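I opened this notebook to record what I looked up in the structure shown below. The entries follow the order in which I consulted the model.

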Amino acid sequence: MQEDTMLGGYRVLDLTEGGCAFGGQAFGDLGADVIKIEPPGGRPSRDLGPFYKDIPDRNKSLFWFAYNRNKRGITLDIENADGRDLFKRLVGTADLVLESYTPGYLNGLGLGYSQLCEVKSDIILTSITPYGLEGPKSGHKSSDLTTWAASVVHYICGDPDRPPTWLSWPCAGIHGGVEAASASLFALWHREITGEGQHVDVPIQPYLMQHSTGSYWWWECMQFNLPRMGRYTRYFSVRYPYIYDCKDGYVHCQLGGGAAAGVANSTRRFVDWMDEEGMAPEWLKQIDWFFGFDASKMTADEMDDILQPFHTFLLTKTKSEVSEEAVRRSIIACPVSDSKDICSDRHLRARGFWQDVQHQELDDTLTYCGGFVRLSEAPIGVRRRAPLVGEHNLEIYEGELGLKRHELAVLRQANVI
Amino acid sequence: MASPMFAGIRVLDMATAGTAPLALRWMGDHGATVVKVETHLRLDMIRMGGPFYHMVTHPDYSGWEMMFNSSKYSISLNLNKQEARDVLKRLIAEWQPNILAESFRPGVMKRWGLEYESVRQLSPDIIYYSTCLEGQYGPHSQRLGFGTVTNSICGASHLVGSADRPPAGAPLAYADFPSTGTALVALMGALIRQRRTGKGVHIDQSQYESNLYVLSGPLMDYAVNRRVMTRNGNRVPYAAPHGVYPCAGDDRWVAIAVFNDQEWERFCEVLGSPGWSREARFATLQGRKSNEDELDRHVGDWTSGREAGDVEALMQAGGIAANVVVDNKDIYDDVQLKHYGHFREIEHPVVGKVRSETPPFRFSKSRDTHFRAPLIGEHNHLVLSQFLGMSDDEIADLYANGAVTTEADLPSVGKKAD
């Protein structure tokens, strides 16, 4: 019996690069048959680290593993005439083609949307690009960092007295991948209803902009250019931190009050906790966090004085202690987690988040992130690890397209596959 | 023109804050009928937490409301009243929404008799989407928080800033949005399966887990190599210069990324091949990485007198990836967004003209049906009379017994000043 999945029966051809590969993986996670198509020798993003045991090898990139699971993989040179023919035969079997080339690249090869329609009239082609397929900047040279810069979120990210910074990891492409998966599913829905395919234009810039939490809406509403605030919350002229030093790192504590009732109640409970450990001065216990705390009327010195006992208290606590007590006491706080904290978090373990995946070629079992959501039916699972270079050539070319072995040998020698 | 993509699709949006509402707004932008269930008694932080038009701190003047809840209808109910819960149950049973979304602390919906098991009795094929910080079960499922807390717990905050400083934290509610994207993927998968099989599903979204795919590389790096990734400004191990450089004006910057030796040569030509750029220590990527502080200083000296837009143009002409670090004002003049008509001026009955946002992705065969955000409770009468067929008397009763909330129920901070 066929496994119950959300998207079982759909086929996706994934020509994407870098983090955009997450788009195809999301389809794979939901059960679609995703075929990763790489140039002979493999895609460049196989060269992105980190690597398994730090061995730089195209079949050992952890970046590749992380964004290409639940896919099969073939090599195919679509710049070559024979390769293009094979690609079109595959398109004939597919519902969706995902790509992240420079705008116009597929058109130039005779593999644009209209040419793909000649092969399969209801095909969906989804193109992920930094700026979009059209417009004055569509041909601009870009990188993950410059896409980040184009999207406002860079401007408001980082310390106020330093240049804007990103997340130390190229993730604009990853966000573009998830955008492409959503938009492709819109188009698939449209096809289910109307029977027609289409070309989906997925610019990363306007999607990534949303990750600024719409900071530009302050400009729209109030002509205010919201600045970087770093680890501080700013209320009028005073600012106060929400990231604090603790015994073994940093913790996030949303302190304060006033109109923000949830924060006021949380801060009161925080003071109760300090009091139980004899670390809440009498004056601090007297503050009415709802009616008696108005950051807009305070000076920076007054704010520092109020926060000092919290700083002192938190230095006696570990990330884990703050995390557990925050849950127990309904305090708005959590650890500022690094990858080690996340990998050892007991909550994620209790939810069975991590997935162990067998890597026979490494004679090892690796731990992967689980599904991006939990489903009561048709669950997300890691059904296969990311493909090695050309791992499923035989299975797909011979087994599914019916090519003869001697034909494959010719294609191999011509460096088509 | 063909009918909108989601014509006939019905969504009950009981969620607050950013994650679920934005995903559902994009469905509303393409023709789904999305009914937002809210209350005057405890205002959505979207209505009160962000910027306000005309400096009026009232839920109908919220800019964030335009961003997150356009293309929706709004009803205002006090769900602590049995009569209001009955209205909601009738909406589920009679209006038959395809999707119900909620973002309460786990347990709240059950207390109201509105958890998945009860709701599916009323509507067996419903897609019931729950979203919260750490998911519906597990030892920390009751953790309180919102987007900024997610930033920190999911590893994003730790990776923002400089190596010599404490984490600068990811900005505002950054981590709400990876959850928006994955939720939309799951909802669409569920909608397609609902149509194909007639089956519903409960989606349990932990926004913490929904963010981890963004960092799955570094997480695997720890799991395999025991390496803990840390923040490092704008740098990456495989490119230099790769960063943000000061330009003329106050807080103006340009991002530049140079990956290989060919690009480096072109980059030097754009700069006019100054003496330092010909030094042997900068000739190779390894050399540039080893001397990156000095390199960045030279590049910054060159950019600092120039307009950010001019540097972008010069770099692009030389085939080098560069972009102005676009600020909150610049974005409204962005030539790409203008080309796509991303911001669309629409009329709002209270605020006046609004530069509303259309969905970021574009379809060759479908147009959006974007419309303005609702006033709080604006569609009470429409939904109760047309979707549920209630008489005016029945509706008046709901107002009288407080099941439907009104302006009079606003907390003092949300009241309009005279």
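Entry 1, terms. For the packing entry below I took two residues to be in contact if their C-beta atoms, placed from the backbone, lie within 7 Å.

Entry 2, confidence. I note that this is a predicted model. I read an ipTM of 0.97 and a pTM of 0.97. For chain B, I found a mean pLDDT of 96, with 98% of its residues at 70 or more.

Entry 3, helix 10 of chain B. I looked up how far this helix, residues 216–225, is covered: nine of its ten residues are buried, so helix 10 of chain B is largely enclosed by the rest of the structure. I listed the buried residues as B:S216, B:G217, B:P218, B:L219, B:M220, B:D221, B:Y222, B:A223 and B:V224. I then asked what the buried residues of helix 10 of chain B pack against. From chain A, I found helix 2 (62–67), helix 14 (339–343) and strand 13 (364–368); from chain B, I found helix 9 (207–212). Just after helix 10 of chain B, I noted a positive phi of about 55 degrees at B:R226.

Entry 4, helix 1 of chain B. I checked residues 19–28 and found helix 1 of chain B mostly covered, with ten of its ten residues buried. Among them are B:R25, B:W26 and B:M27.

Entry 5, the contact between chains. How many residues of chain B are in contact with chain A? I recorded 126 residues of chain B in contact with 127 residues of chain A. Helix 8 of chain B, residues 176–197, gives the most to the side of chain B that touches chain A, namely 16 residues. I sorted the residues of that side of chain B into 69 nonpolar, 40 polar and 17 charged.

Entry 6, a sheet with strands from both chains. I traced an open sheet of seven strands with mixed pairing, in the order 3(A)-2(A)-1(A)-4(A)-5(A)-6(A)-12(B). Its edge strands are strand 3 (72–75) of chain A and strand 12 (362–363) of chain B, each of which pairs on one side only. I counted four bridges between strand 2 (residues 33–38) of chain A and strand 3 of chain A, and these strands run parallel. The bridge partner of A:I37 in strand 3 of chain A is A:I74.

Entry 7, a strand pair across the chains. I found two bridges joining strand 14 (residues 374–375) of chain A to strand 6 (residues 201–206) of chain B, with the strands antiparallel. I identified B:D204, in strand 6 of chain B, as the bridge partner of A:R374.

Definitions and conventions:
Residues numbered from 1 in each chain as written. Chains lettered and ligands numbered in written order. Predicted model: local features only at pLDDT ≥ 70, side-chain atom pairs only at ≥ 80, totals over all residues. Pairing = 2+ DSSP bridges. Nonpolar A, V, L, I, M, F, W, Y, C, P; charged D, E, K, R; others polar. pLDDT = per-residue confidence, 0-100. Buried ≥ 20, exposed ≤ 12 C-beta atoms within 10 Å, placed from the backbone.
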